[in-house]
Amino acid sequence: MQFLVNSNFNFIGKRKIARIFSIALILIGVGSLIIQGGPKLGIDFTGGTSLRLRFEKGVPIGDVRSAIASLGIGNAEIKNFGDSADILIRVQEQETSGAGITDAIKAELSKVFPDNPYVERSKDSVGPKIGAELRTKTITSILIALVGMLIYITWRFEFKFAVGAIVALFHDVIITLGVFSILQLEISLPIIAAFLTIVGYSLNDTIVVFDRIRENLKVLRRETYESIVNTSLNQSLTRTIITSLTTLIVVLILYFFGGSVIHNFAFALIIGVIIGTYSSIFVASPIVIDWELRSQEKKSKALGKLGRPIPKRA
């Protein structure tokens, strides 16, 4: 489907405004992370206990929260999954954790809901040491993946394209992380999975644009570099819009109808799809242009020092 035939939006002409916008978003997010003392990590990374219970009848989530609060457990996450009879309780690492804390929770719920018995569906405990190891391995894996992407894109295109793509990926993840920090949303393993999905989505969109730029560099040799990139972005625009809209519709459905268990996961994807689409147009490609223009300028100065005619800037 092609609904934007011969579009000629001047994306590249707006790159300085976009750069200011991106820097502002990143600074707000980083500022929030500094004020909050870093991201709000879930029990997957800090240690804690997760308990899933299935009641015979539905229970008011507010009553469950009140029952857990009466135990003096701070930072407990309590939500429904499936229907109102399924309860997920996640508590941070406590002085009394593991079997002790789950027994206390179950005893309190039995006391509060004496006529509504429940069965334990699952119970998971993560120690603080395991959480720290998991956190380290997660960061290491992401860094290795980014280095791999840098090598692959350099091999397929050029180093400047790889730098543009990697900067765009950092841009997307930092902004999404900043939004989570501002809203005080927890970073858990599913959210890390969402971040990696964002990276894959954004990279895929960026590679499509880079492919078109590479093709046009061979065809439109008389055009300036800025014009070629701008033309490539316009030629890819229909595909970018359709892909982004269809993906966004899916994650919006997950967000509104997928249940509270995947609520934050879907929210991260919504931000990622929007920011990833924006960055493939206004972050990755402009970095390639600026890199190319700086290279041309250095070559021009070098030729000028040798007494040769300085070529006109492309």
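Start with helix 7 and helix 8: these two are oblique to each other, because angles count as oblique when they fall outside under 35 degrees (roughly parallel), over 145 (roughly antiparallel) and 65 to 115 (roughly perpendicular). This is a predicted model, where local features need pLDDT of at least 70, side-chain atom pairs count only at pLDDT 80 or more, and totals for chains, interfaces and linings use all residues. Residues are numbered from 1 along each chain as its sequence is written, and side-chain values use heavy atoms, with hydrogens and water left out.

**Stop 1: helix 7 and helix 8**

Select residues 225-235 for helix 8 and residues 189-219 for helix 7. Helices here are DSSP runs (H or I, at least four residues), numbered from the N terminus. The two axes come within 9 Å and cross at roughly 130°. Axes are lines fitted to C-alpha atoms over the stretch in contact, and angles run from 0 to 180 degrees between N-to-C directions. The crossing is right-handed (the near helix is turned clockwise from the far one by less than a right angle; anticlockwise would be left-handed).

Now show V209, R212, I213, N216 and L217 in helix 7. They meet Y225, I228, V229, T231, S232, L233 and Q235 in helix 8 (contact means heavy atoms within 4.5 Å).

**Stop 2: helix 7 and helix 9**

Keep helix 7 and add helix 9, residues 237-257. Here the angle is about 165°, with the axes 11 Å apart. Helix 7 and helix 9 are therefore roughly antiparallel. Their crossing is right-handed. On helix 7, pick Y201, N204, D205 and V208; on helix 9, pick R239, T240, T243, S244 and T247.

**Stop 3: S244**

Zoom in on S244 in helix 9. Is S244 buried or exposed? S244 counts as buried, at 10% relative accessibility (buried means under 20% relative accessible area, exposed over 50%, partly exposed in between, with a 1.4 Å probe and protein chains only). The S244 side chain reaches the backbone oxygen of T240 at 2.8 Å. Leaving aside neighbours within four places in sequence, S244 touches Y201, V273 and T277.

**Stop 4: helix 1 and helix 6**

Select residues 15-36 for helix 1 and residues 159-182 for helix 6. Their axes come within 8 Å and cross at roughly 45°. That makes helix 1 oblique to helix 6. This crossing is left-handed. Among the helix 1 residues in contact are L25, G29 and L33; helix 6 offers residues including H171, I175 and G178.

Terms used: A polar contact is a pair of N or O atoms within 3.5 Å; within protein, one must be able to donate a hydrogen and the other to accept it, and residues adjacent in sequence count only if both atoms are side-chain atoms.
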